[in-house]
Amino acid sequence: MKNTKNKLSLALAVSFLLSLFSSCQMEDSNEIQSESNNVQSKIPPPSLDIPLNITGADFYENIPYDEYNRTKFDIFIPTAETAQPKAIVIFVHGGGFVGGTKNIAYTNGYKNDIQYYINNNIAFATVNYRFKQDFPDLSEEQKVLSCMGDVKRCLQFIRKNASVFNLNKNKVGMYGASAGGGCSIWLGFKDDMADPNATDPVLKQSTRLQAIGHINSQASYSPSRVASIFESIGCDIPDSEITVPELDLIDFMSTDDPDIFMLLDNIPANNTEICENYLHSPLQTKALYDKANLIGLPNVTYIPYYPIGVDPKLPENESLAEFMKRQLE
């Protein structure tokens, strides 16, 4: 009976979240509960169609964190009864800031990790965000910053509503592949971007993470930085393909950042292949690895091309999911 009540309470809370953009501002969690009573008849309960047949969790889909069509996220909430709020891992899809979907997390390659999180009482969310083409009047730099800004807002929105989802806002990990990995280290390495003077209460929330995952992704979006990474093997990196000259992600890394898990599993046959696929190159991940070790930032890194580390799929090695669990305990 207790579990049924908890599910109902969460359903009511989520129902308010789905209607929040009809009002100008979100209220505190106790007001969320009272407001939800006004709209509960309009909102369905948690989805019965749970992706990947994940067990032990309630699943809520397409929760809006802003007013745009793509600014939505899905979340799995473990149903195990615990006194303590749950940690959460947030997944950010890739796609070069021009494509992709949160639903990539529902392919079989992610199933074991999601189930592992749920089994260890860790919530899991997957996020959609707007693309560069949604900002036609902005510069390339501002387009990418706006895409990343959506992910930042989703993180802050989840923190603002941590009590609704029974989450611990101080135990948040984030990871992604390609552009999603770039978003993750941008948030992980940047100083806190909370705005205490914002009129929007969501933007007052911290943007700091407690764990980062960077999978087959980039170290920087600065042309000069990327050119320097590949200079030793003679790659000619065209400026036109590397956007955001002011977003030198690796430059933000400092000793007070959270521990980071890094994986670059493609093994190019020669320098020509490295240059052709420089956006997903072992040299980019190694640049992050080298700086992390230089400044003393703890990391778990697998780059089989060199090799650095060994295959994380081997049982004796720490996987991404195990890393997240250790960091969020």
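Biologist: How do helices α3 and α10 lie, roughly parallel or roughly perpendicular to each other?

Modeller: This is a predicted model, where local features need pLDDT of at least 70 and side-chain atom pairs count only at pLDDT 80 or more, while totals for chains, interfaces and linings use all residues. Helix α3 (residues 108-119) and helix α10 (residues 320-328) pack with their axes 9 Å apart, at an angle of about 25°. Axes are lines fitted to C-alpha atoms, for helices over the stretch in contact, and angles run from 0 to 180 degrees between N-to-C directions. Angles under 35 degrees count as roughly parallel, over 145 as roughly antiparallel, 65 to 115 as roughly perpendicular and the rest as oblique, so α3 and α10 are roughly parallel.

Biologist: Which residues of α10 make the contact with α3?

Modeller: Residues are numbered from 1 along each chain as its sequence is written, and side-chain values use heavy atoms, without hydrogens or water. Contact means heavy atoms within 4.5 Å. On the α3 side you'll find D113, Y116 and Y117, and facing them from α10 are L320, A321, E322, M324 and K325.

Biologist: How many residues of that contact between α3 and α10 are charged?

Modeller: Asp, Glu, Lys and Arg count as charged, Ala, Val, Leu, Ile, Met, Phe, Trp, Tyr, Cys and Pro as nonpolar, and the others, Gly among them, as polar. The contact of α3 with α10 has 5 nonpolar residues and no polar ones, and the charged ones number 3.

Biologist: What about α4 and α6, are they roughly parallel or roughly perpendicular to each other?

Modeller: Helix α4 (residues 140-160) and helix α6 (residues 179-189) have axes 10 Å apart. L145, M148, G149, V151, K152 and L155 of α4 meet G182, C183, W186 and L187 of α6. The angle here is about 65°, so these two helices are roughly perpendicular.

Biologist: How many residues of α6 are buried?

Modeller: Buried means under 20% relative accessible area, exposed over 50%, and partly exposed in between (1.4 Å probe, protein chains only). The buried residues of α6 pack against β3 (86-92), α4, β5 (167-177), β6 (211-215), β7 (260-263) and α9 (282-295). The helix is mostly covered, and W186 is one of its buried residues; the count is 11 of 11.

Biologist: Which strands stand at the edges of the sheet?

Modeller: Helices (H or I, at least four residues) and strands (E, at least two) are DSSP runs, numbered from the N terminus, and two strands pair if DSSP finds at least two bridges between them. Here 8 strands form an open, mixed sheet in the order β1-β2-β4-β3-β5-β6-β7-β8. Each edge strand has a single partner, so one side of it is left without a neighbour in the sheet, and these strands are β1 (57-64) and β8.

Biologist: Which residue of β8 is the bridge partner of F261?

Modeller: β7 is covered on both faces, with I260 and M262 buried on one side and F261 and L263 on the other. This strand runs parallel to β6, joined by 4 bridges, and I215 stands opposite L263. β7 also pairs in the parallel sense with β8 (residues 299-302), over 4 bridges. In β8, the partner of F261 is V300.

Biologist: At what angle to β6 does α10 run?

Modeller: Back to our opening helix. α10 lies across β3, β4, β5, β6, β7 and β8. Its angle to β6 is about 165°.
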